[in-house]
Amino acid sequence: MAHGKPDYYAILGVARDADDATIKAAFRKLAREHHPDRNRDAGAEDRFKEVNEAYAVLSDPDKRRAYDLGDQLGGGFGGFGGGGGGFGGFGSFFDEIFGRGGGQRRPSGPRPGRNAVVEIEVPLETIFAGGKHDVHLRREEECHTCGGNGAAPGTSPVTCDECGGAGQKVVRRRQGSVVFQQVSPCDRCGGSGHMVKDPCPSCDGSGTEESDQEITVTIPIGIDDGTALRVPGLGEASPDKGGIPGDLHVVVRGHDERFERRGQHLIVREEVSVVDAALGAKRKLQTPCGTVSLEIPAGVQPGHTIKLTREGLPGLHGRGGRGDLYVAVEVKVPEKLSREQKKLYEQLRKLEK
Ligand SMILES: [Zn+2]
Ligand SMILES: [Zn+2]
């Protein structure tokens, strides 16, 4: 993969098309193997972090998709934060593998919001010439009434009386002569360390609300089908107060009723009458890239393809020359004939004998 991103599939030792269950099983096995509490080898901890990072991405459908698209994203893979601070769900992974509270809940900062992916269809004309395209978004964002803390106006969240604001509780358990110390997120406040007494009426205390938004993205000339444009900050809101939102990945697909796109090449079917097929013809063809002159050779056969060099789509940002246009000839046999046409066809038949 480009951009020096780690290959998360290789880290977990799974195929690129592995399903969720396979990924989860691989993760559990590796996480056990390399858990720092069990494995004291040098490098085990780094390996453990890698495995967790890989799982955090591949187990989340949005992140996995964005990661798979990563080669085309251009520059870094922001949004879910590199390094330790980025693993929002870290605690839950530990809980899952080692039972509740087997590991330490990492004191991380506010978690960034999740990345979001939307797909848009744009006319091939826009791929040819570049341009702007409006995108309608429906997204979760910080509640405007309470500013994201979930408390009704005029009130504020109070410190959790169960955990005293720590967000976690420590339970000591004795088994024989061994004392186990378990740390788990506080049940009362869900690990946030504070509680809302009077929930905000707009968001019912969740701190986020759905909003509709119209944004305009700039489509670069010649953008490949399925490429994602990254819009920083327009992903989902952070679940935590003060956390940055995720990014939005806008996947661009070129679409045209008539023209099929294959990379930079375009393919179109063109109907030709029996007479034009026999005698040849010249015509103008409207394409997403402008009008071209098409010369149908006399005696063209059904299924024949005429190649128009360099009449296809340009390369990204107009660089690297244009693709070709392929015109697949379809000979249309008339279903009804006028009296006069019939007479002429009869004459043709006599000539052929
Ligand atoms: Zn609110
Ligand atoms: Zn608490």
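Which loop holds R310? The points below start there and then turn to the rest of the structure.

1. R310 lies in the loop between β14 and β15. The model is a predicted one, and in it R310 has a positive phi of about 60° although it is not a glycine. R310 has 12 C-beta neighbours inside 10 Å and therefore counts as exposed, the cut-off for that class being 12 or fewer.

2. H317 is found in the loop between β14 and β15 as well. The phi of H317 is also positive, near 60°, and H317 is a residue other than glycine. Its C-beta neighbours inside 10 Å number 11, so H317 counts as exposed. Anyone checking the backbone of this loop has these two residues to look at: R310 and H317.

3. The strands on either side of this loop are partners in a sheet. Strand β14 (residues 305-308) pairs with β15 in the antiparallel sense, over four bridges. Within that pairing, K307 stands opposite Y326 of β15.

4. On the parallel side, strand β11 (residues 265-273) pairs with strand β15 (residues 325-332) over eight bridges. Two of the residue pairs can be named: V272 has V331 in β15 as its bridge partner, and S273 has K332 in β15.

5. The sheet as a whole is open and has four strands, in the order β10-β11-β15-β14, with mixed pairing. Which strands stand at the edges? They are β10 (260-262) and β14; each has a single partner strand, so one side of each is left without a neighbour in the sheet. From one strand to the next the twist averages 30°.

6. Turning to the interior, the largest nonpolar core has 42 residues. Those with the most contacts inside this core are Y8, L12, F27, V51, A54, Y55 and L58. Helix α3 (residues 44-58) supplies the largest share, seven residues. The core also draws at least three residues from each of domain 1 (1-109) and domain 2 (260-352). As background, nonpolar side chains tend to be buried together in soluble globular proteins.

7. F27 is one of the residues with the most contacts in that core. Which residues does F27 contact, leaving aside its neighbours within four places in sequence? They are L12, V51 and Y55. Apart from the largest core lies another, of eleven residues, with A151, C189, M195 and C200 among them.

8. Helix α3 deserves its own entry. Its buried residues are F48, V51, N52, E53, A54, Y55, A56, V57 and L58. N52 and E53 are thus on the buried list along with nonpolar residues such as V51 and A54. In length, α3 agrees with expectation, because 15 residues at 1.5 Å a residue should span 21 Å and its end C-alpha atoms are 21 Å apart.

9. Is helix α9 (residues 339-352) covered or hardly covered? It is hardly covered: the count of buried residues among its 14 residues is zero. From its first C-alpha to its last, α9 reaches 20 Å, close to the 20 Å expected at 1.5 Å a residue.

10. V183 lies in strand β5 (residues 178-185). It is partly exposed, because 17 other C-beta atoms lie within 10 Å, whereas a buried residue needs 20 or more. V183 and Q168 are 15 residues apart along the chain, and their C-alpha atoms are separated by 6.6 Å.

11. G233 sits in the loop between β8 (227-231) and β9 (248-255). With 14 C-beta neighbours inside 10 Å, G233 counts as partly exposed. Not counting residues up to four places away in sequence, G233 touches P245 and D247. G233 and P245 are twelve residues apart in sequence, and 5.1 Å separates them in space, C-alpha to C-alpha.

12. Last, the figures for the chain overall. The protein chain contains nine helices and 15 strands. It has 353 residues, of which 29% count as buried. Among contacts between residues at least 6 apart in sequence, 65% join residues at least 24 apart.

Technical notes. Residues numbered from 1 in each chain as written. Chains lettered and ligands numbered in written order. Predicted model: local features only at pLDDT ≥ 70, side-chain atom pairs only at ≥ 80, totals over all residues. Core = buried A, V, L, I, M, F, W, Y, C linked by C-beta atoms within 7 Å. Domains from an automatic or database assignment. Contact = placed C-beta atoms within 7 Å. Pairing = 2+ DSSP bridges. Axes fitted to C-alpha atoms, helices over the stretch in contact; angles between N-to-C directions. Expected span 1.5 Å × (residues − 1).
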